[in-house]
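Thank you for coming; please look at the structure as I put it up, and keep the sequence beside it while I talk.

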Amino acid sequence: MTGVGAAPVARRGGQGGRGATVDVHASLLPLWRGLVLYRVVALAYAVANVVRFAEAYVRPALGVAVVVFMAAWTLVTSVAYLRGARRLALVDLAVTVGTTMTTVLVDDPARIAAGQPVITTVWSAAAVLAVAVAYGIRPALGAVVVSVAALAFTRQALDAALLSDAQLLLVAGVAVGFASVAMRRSAQRLQEAIATEAAAAERDRLARDIHDGVLQVLALVRRRGPELGDPDLVREAAEQEVSLRRLITRGPPGLDGPDDEPVDLGAAIGATLPSRAVLAVPPEPVDVPGGLARSVVAVVREAAANADAHAGPDCGLWVLLEDDDEAVTVSIRDDGPGIPEGRLEAAREEGHLGVASSIRGRTAELGGTADLVTAPGQGTEWELRFPR
């Protein structure tokens, strides 16, 4: 498995590593080469065995023909495996089993039952190893069962020699299958690392382009907006400038991934808040499953939207993210006029379900709590706690 780190990497799609991919077959190439070498050596042993026992065979000419076929099949499979044709492994298993069972036509059944080796000898184990390299541990176990069944049919005896061959096939198949799985996983991790590096390089390139173009224009509009007498234009330009800077420095929050994929909740919340909001997060990333992150972000977005709608877009907005082993807590506070007593109940009766459904309802679905502290003239504060 030490060859994984030196596995050839195919880079496609331009400079900077964009579109880089790892050739999984290349990562398994040391195993395929070892298999080919084993098969050639095993073939030589089978040839020597046929030469040694040819006079005792019932059909020596057929024995020579079988060995010639084994040599041809060794050449075909060796070339195919080195070129990445891993699906040939199942065909290889079937061909090898059939070749092993020709022993009953070549040799005397009494000699075979007495312990005479089959005509393929250790060459037949190569097919099991090929399945292990191509597909992993469980298919390798199936290949071992098929091979042992073929040996039992050929020898017509369940003796110590058969049990010994079964143990050797089992150990070899499991070991090579485990190595194959480990190499494949290592190649996948390498590919993910290359993709992350490529994405970071692309983000840096886009950040330079955005900084030299769009951000400069937005900054110019923000500075000269007052001269134009358009405060809305100034505010919009400032918000877009902050949003773009946040995007190119943090990157996308990755909320579109699987539910169980870790997501930095602080970055995800920061990407959805208005530019005036002040966000405080722990020094280390707060990684939570993607499904939980999406729900928390939706609740925070609703709370921020309520602050805009009822306190006004010029009010202060502060968001605090806290993390412990059991839960994450998000506090959202504004300095607006607050919520009069009974206003939330009246809003629910009028059909406005932003607080009842989007904030409290979604938080309850996650098994969390949503505590509201508000009073007229004292602003509004939500404390949302979501269990991990």
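Leu105 is partly exposed, with a relative accessible area of 44%, where partly exposed lies between buried, under 20%, and exposed, over 50%, for a 1.4 Å probe and protein chains only. This is a predicted model, in which local features need pLDDT of at least 70, side-chain atom pairs count only at pLDDT 80 or more, and totals for chains, interfaces and linings use all residues. Residues are numbered from 1 along each chain as its sequence is written, and side-chain values use heavy atoms, with hydrogens and water left out.

Leu105 lies in helix α4, residues 103–106, a helix here being a DSSP run of H or I with at least four residues, numbered from the N terminus. Together with Leu62 and Val104, Leu105 forms a nonpolar patch on the surface, with about 200 Å² of accessible area in all; such patches take residues with over 30% relative accessible area and no salt bridge (a side-chain nitrogen of Lys or Arg within 4 Å of a carboxyl oxygen of Asp or Glu), and nonpolar side chains are joined within 5 Å. The areas come from the Shrake-Rupley method with a 1.4 Å probe.

Turning to the record, an unreviewed UniProt entry lists residues 36–54, 61–82 and 157–181 as "transmembrane region", and such annotations may be inferred rather than shown by experiment. In the model, residues 61–82 are 100% helix and 0% strand, with end C-alpha atoms 32 Å apart, whereas residues 157–181 are 88% helix and 0% strand, with end C-alpha atoms 35 Å apart.

Definitions and conventions:
Helix = DSSP H or I, 4+ residues; strand = E, 2+ residues; numbered from the N terminus. Patch = residues over 30% accessible without salt bridge, like charges linked within 9 Å, V, L, I, M, F, W, Y side chains within 5 Å.
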